[in-house]
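Student: Hi! Could you walk me through this structure? I'm new to this, so plain words please.
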Amino acid sequence: MTHSEVTQCLNLARALDLVVSSRTINGKLYVYDAAGHARSWDSFVADYPLERLQAMVERARLRRNPAS
């Protein structure tokens, strides 16, 4: 995964309130949810790959702005 894809994933995850912060510890990226629970980036992205996050954001957008 490129740096750009990681950034895009993090931004989408934040927009979906899946992640509130991230931190690198000993060269390994961790993400944190609103409850403060840490999860390794590898584990998170296995459950939420970029394509899934993009689809989730699109579904949320469609729910907010349904077509007439």
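Tutor: Happy to! Let's begin with a term: a residue is buried under 20% relative accessible area, exposed over 50%, and partly exposed in between. Also keep in mind that this is a predicted model.

Student: Okay, let me try that out. Is Gln-8 buried, exposed or partly exposed?
Tutor: Gln-8 has a relative accessible area of 33%, so it counts as partly exposed. You'll find Gln-8 in helix α1.

Student: What does Gln-8 touch, if we skip residues up to four places away in sequence?
Tutor: With those left out, Gln-8 touches Leu-50 and Gln-54. Gln-54 is 46 residues from Gln-8 along the chain, yet their C-alpha atoms are separated by 9.3 Å.

Student: Cool. New topic: what order do the strands of the sheet come in?
Tutor: The order is β1-β2-β3, in an open sheet of three strands with antiparallel pairing.

Student: Why is one side of β1 and of β3 left without a neighbour in the sheet?
Tutor: Because β1 (21-25) and β3 (38-40) stand at the edges, and each has a single partner strand. On average, neighbouring strands of this sheet are turned by 35° against each other, ignoring direction.

Student: How many bridges join β1 to β2?
Tutor: Five, and the two strands run antiparallel, with β2 covering residues 28-32. As examples, Arg-23 has Tyr-30 in β2 as its bridge partner, and Ile-25 stands opposite Lys-28 in β2.

Student: And how many join β2 to β3?
Tutor: Three bridges there, again in an antiparallel arrangement. One to look for is Val-31, whose bridge partner in β3 is Arg-39.

Student: Now the turns. How many residues sit between β1 and β2 in their hairpin?
Tutor: Two residues, and Asn-26 in that turn has a positive phi of about 50°. Asn-26 has this positive phi although it is not a glycine. Asn-26 also counts as exposed, at 81% relative accessibility.

Student: What about the hairpin of β2 and β3, how many residues are between the strands?
Tutor: Five in that one, and Gly-36 takes a positive phi near 90°.

Student: Which residue in the loop between α1 and β1 should I look at?
Tutor: Try Asp-17, which is found in the loop between α1 (3-15) and β1. The phi of Asp-17 is near 60°, a positive value in a residue other than glycine. Its relative accessible area is 61%, so Asp-17 is exposed.

Student: Let's go back to β3. Is Ser-40 buried or exposed?
Tutor: Ser-40, which is found in strand β3, has 17% relative accessibility, so it counts as buried.

Student: So what is Ser-40 in contact with?
Tutor: Leaving aside its neighbours within four places in sequence, Ser-40 is in contact with Lys-28, Leu-29 and Tyr-30. In addition, a polar atom of the Ser-40 side chain lies 3.2 Å from the backbone nitrogen of Ser-43.

Student: Last one: which residues do the ring pairs link into a cluster?
Tutor: Trp-41, Phe-44 and Tyr-48. Rings count as a pair if their centres lie within 6.5 Å, and by this rule there are two aromatic pairs.

Student: Thanks! I'll go and find Trp-41, Phe-44 and Tyr-48, the ring cluster, in the view.
Tutor: Great plan! After that, have a look at Ser-40 in strand β3 too.

Methods: Residues numbered from 1 in each chain as written. Predicted model: local features only at pLDDT ≥ 70, side-chain atom pairs only at ≥ 80, totals over all residues. Heavy atoms only, no water. Pairing = 2+ DSSP bridges. Helix = DSSP H or I, 4+ residues; strand = E, 2+ residues; numbered from the N terminus. Axes fitted to C-alpha atoms, helices over the stretch in contact; angles between N-to-C directions. Phe/Tyr/Trp six-rings, centres within 6.5 Å; stacked < 30°, edge-to-face > 60°. Buried < 20%, exposed > 50% of the residue type's maximum accessible area, 1.4 Å probe, protein only. Polar contact = N/O pair within 3.5 Å; in protein donor to acceptor, adjacent residues only side chain to side chain. Contact = heavy atoms within 4.5 Å.
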